[in-house]
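Me: I should like to go through this model and ask what supports each description of it. Please set each value against its criterion.

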Amino acid sequence: MSATIAALATASGAAGIGVIRLSGQDAFLVAERTVRRSLASQPPRVLRRATVFALDSTEALDDGLLVKFPAPHSFTGENVVEFQGHGGAVTLTQVLAAFLAAGARLARPGEFSERAFHNGKLDLAQAEALADLISARSVAAQRAARRQLAGSLSHEANTIALDLQEALARLEATIDFPEDVGELVPETVEAPLSRAAARLETLLAGAHYGRKLTEGLTVALTGAPNVGKSSLLNALAGAERAIVTDIPGTTRDILAEELVLAGIPVRVLDTAGLRETDDPIEKIGVARAREAAATADVVILVVDATHLTPLTDLHRNTVVAVNKSDLATPDLTRFVPYPAVAVSAKTGQGLVALAEAIIGTSLPASDAPLVTRARHEDALRRVAAFVTEARSTLALGLPAELIAVDTHGALAALGELTGQTTREEIIRGIFARFCIGK
């Protein structure tokens, strides 16, 4: 990674400011050739005015501000230069071409972050959090990415690694120096393995919710005809998205609407009213409604406050929305143990509480770092499987060598999370999905 790379670090297109970033051993030299002055006297991390010139020409391409970050105190850990000029595709293309002509090469997608990873400025989980931060679709996803970028998940992984290393040290001491340390005391190995297992269980408990922060929750509106499902969808969306009439069976197919509720991206599905019918088309709609409810992350069972009937078609993660509560005051205790909210699609009563109840059914039970990527969840599940096997082997009184094999396997799988044991081609593939300039 000795080559100096350059790329546009801001979005292309018309803008007030555009930033071009350089990184590498010769970043300062490339910049000096382009702005035609020495950077030796310019203090680090201080903006100074600079004019970029075309190579071997007196033509000025842009006037802006330049800042330098000497290694290792930079994002990549290398010498870094950033030029902040005027936005606009033509100007930025010319300025970038000048830096490339002066000795830099165009960066690959994610190459700046990849260099930061290889230079120890970020681990792999933090680098992926950086990509998640850029692509966050909600405040909650942005906050989770910020926590992971700050190292919350990496810190938890390191704590688990310390427990595994403690167990392994005791095992290997017994294997290598039996005459000095004596026989294996199972309790001294079980204790750190048990702590690791508990932490893994907590992390994995929130994995489903963590992934949904980036993918979005799927919420199905279900219930009998004319209870106000379509009206409730329109109220949540703040617009007339679904056709609403007094005729039962108006909604026959699934209508999907992308919303953000309580800071979480949500795909709300308005479904056909659940009832027995001889209409073949409506039958298809009812079947699709049941299928949508069976696969949704959360089911909102809408009932009519003026005509309450026994609950049917209940699913896991069901929230009861008692609609038309402006016309009647429902006794919400009758719906226990399911969370219930009194709402009115007509007046907007209870919509905030309904949104919070929807998200609350998916929240993890602890404040542990969220596992937001399938790669992380897969690695943690393999760690947990190795730890379970090691504890079982220990409980059976089998040789320490067998327990050590599983403990080594757990550490190797855990290292994939932060990149310590991840194969280079996988690392390259992860960074290749980043945007150029990041």
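Me: What share of the 438 residues of the protein chain count as buried?

Reply: The model is a predicted one. In it, 48% of the 438 residues count as buried, a term applied to residues under 20% relative accessible area.

Me: What makes the protein chain more spread out than a compact globule?

Reply: The chain holds 15 helices and 12 strands. For its 438 residues the globule rule gives 22 Å, whereas the radius of gyration is 29 Å, well over that value, so the chain is more spread out than a compact globule. Its C-alpha trace spans about 80 × 75 × 35 Å along the principal axes.

Me: How much area does the protein chain expose, and what part do carbon and sulfur atoms supply?

Reply: The exposed area is about 20500 Å², of which carbon and sulfur atoms supply 54%.

Me: Which strands form the open sheet, and in what order?

Reply: The order of its 6 strands is 3-4-5-2-1-6, with mixed pairing.

Me: Why are strand 3 and strand 6 said to stand at the edges?

Reply: Strand 3 (48–53) and strand 6 (105–106) each have a single partner strand, so one side of each lacks a neighbour in the sheet.

Me: How do you know that strand 1 and strand 6 pair?

Reply: Pairing requires at least two bridges between two strands. Strand 1 (residues 5–8) is joined to strand 6 by 2 bridges, so the criterion is met. The two strands run parallel, and isoleucine 5 has arginine 105 in strand 6 as its bridge partner.

Conventions. Residues numbered from 1 in each chain as written. Predicted model: local features only at pLDDT ≥ 70, side-chain atom pairs only at ≥ 80, totals over all residues. Heavy atoms only, no water. Helix = DSSP H or I, 4+ residues; strand = E, 2+ residues; numbered from the N terminus. Rg over C-alpha atoms; globule rule 2.2 N^0.38 Å. Buried < 20%, exposed > 50% of the residue type's maximum accessible area, 1.4 Å probe, protein only. Areas by Shrake-Rupley, 256 points an atom, 1.4 Å probe, with all protein chains shown as cover.
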